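Colleague: I would like to learn how to read this model feature by feature, beginning with single side chains and ending with the overall picture. Could you take me through it, giving the general idea before the particular case where there is one?

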Amino acid sequence: MKKRQVVLKTGTSSSSVIRNVRYGECQKNHAANIGGYAVDGCREFLASAMEGTTGALTCAACGCHRNFHRREVETEVVCEYTPPNS
């Protein structure tokens, strides 16, 4: 299971948003070229190489690109603070 954490800061207000991204089961249709529907059953994305390399986008379990796996994003606002107008 691959998780990423991103902290975003916006303009004048000081709000921190944490987004955890997880890639779930593979949804690639392997029988599309013959008019059918068949998935390989890969339950979650497992990177085949270290983060930052091209192999990090290929699943070690099924060999598909990460884009074929269902993307789950969890967003959490950690704190919000807007400074008073001076």
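Colleague: Is Tyr23 buried or exposed?

Modeller: The model is predicted, and in it Tyr23 has a relative accessibility of 9%, which falls under the 20% cut-off, so Tyr23 counts as buried.

Colleague: How many aromatic pairs does the structure hold, and how should such a pair be read?

Modeller: In general, a pair of aromatic rings is described by the distance of the centres and the angle of the planes. The structure here holds one aromatic pair, formed by Tyr23 and Phe45, whose ring centres are 6.0 Å apart and whose planes make an angle of 65°, an arrangement classed as edge-to-face. Because Tyr23 belongs to strand E2 while Phe45 belongs to the loop between E2 and strand E3 (69-79), the pair ties together parts that are 22 residues apart in sequence. Phe45, like its partner, is buried, with a relative accessible area of 1% for Phe45 and 9% for Tyr23.

Colleague: Which ring has the charged end of a lysine over it?

Modeller: That ring is the one of Phe68, where the charged end of Lys28 sits 5.1 Å from the ring centre.

Colleague: Where is His69 placed, and which residues does it touch?

Modeller: His69 is found in strand E3, and its relative accessibility of 4% makes it buried. Leaving out residues up to four places away in sequence, His69 touches Tyr23, Gly24, Glu25 and Cys26, together with Cys42, Glu44, Phe45, Cys59, Cys62 and Cys64; both members of the aromatic pair, Tyr23 and Phe45, are thus included in this list. The side chain of His69 also reaches the backbone nitrogen of Cys26, at 3.5 Å.

Colleague: How far apart are Glu44 and His69, in sequence and in space?

Modeller: The two are 25 residues apart in sequence, and their C-alpha atoms are 7.4 Å apart in space. Glu44 lies in the loop between E2 and E3 and is partly exposed, at a relative accessible area of 26%, whereas His69 is buried.

Colleague: What does Ala47 contact, once its neighbours within four places in sequence are left aside?

Modeller: Ala47 is in contact with Gly55, Ala56, Thr58 and Ala60. Its place is in the loop between E2 and E3, and at 26% relative accessibility it counts as partly exposed. The C-alpha atoms of Ala47 and Arg66 are separated by 8.3 Å, although these residues stand 19 apart along the chain.

Colleague: How many helices and strands does the protein have, and what share of its residues is buried?

Modeller: There are zero helices and three strands, so to speak a β-β-β order when read from the N terminus. Of the 86 residues, 20% count as buried, and the accessible surface comes to about 6,200 Å², with 51% of it belonging to carbon and sulfur atoms. Among contacts between residues at least 6 apart in sequence, 44% join residues at least 24 apart.

Colleague: Which strand has the lowest mean pLDDT, and which the highest?

Modeller: Where pLDDT is low, the predicted coordinates should not be read in detail. Among the elements here, strand E1 (residues 3-9) has the lowest mean pLDDT, 53, and strand E2 (residues 16-26) the highest, 86. For the protein, the mean pLDDT is 80, with 76% of the residues reaching 70 or more.

How values were computed. Residues are numbered from 1 along each chain as its sequence is written. Side-chain values use heavy atoms; hydrogens and water are left out. pLDDT is the predictor's confidence in each residue, from 0 to 100. Helices (H or I, at least four residues) and strands (E, at least two) are DSSP runs, numbered from the N terminus. Rings of Phe, Tyr and Trp (its six-membered ring) pair if their centres lie within 6.5 Å; planes under 30 degrees apart count as stacked, over 60 as edge-to-face and the rest as tilted. Buried means under 20% relative accessible area, exposed over 50%, partly exposed in between (1.4 Å probe, protein chains only). A charge sits over a ring if NZ of Lys or CZ of Arg is within 6 Å of the ring centre and within 35 degrees of the ring normal. Contact means heavy atoms within 4.5 Å. Accessible areas come from the Shrake-Rupley method with a 1.4 Å probe; for residues, only the protein chains shown count as cover. A polar contact is a pair of N or O atoms within 3.5 Å; within protein, one must be able to donate a hydrogen and the other to accept it, and residues adjacent in sequence count only if both atoms are side-chain atoms.
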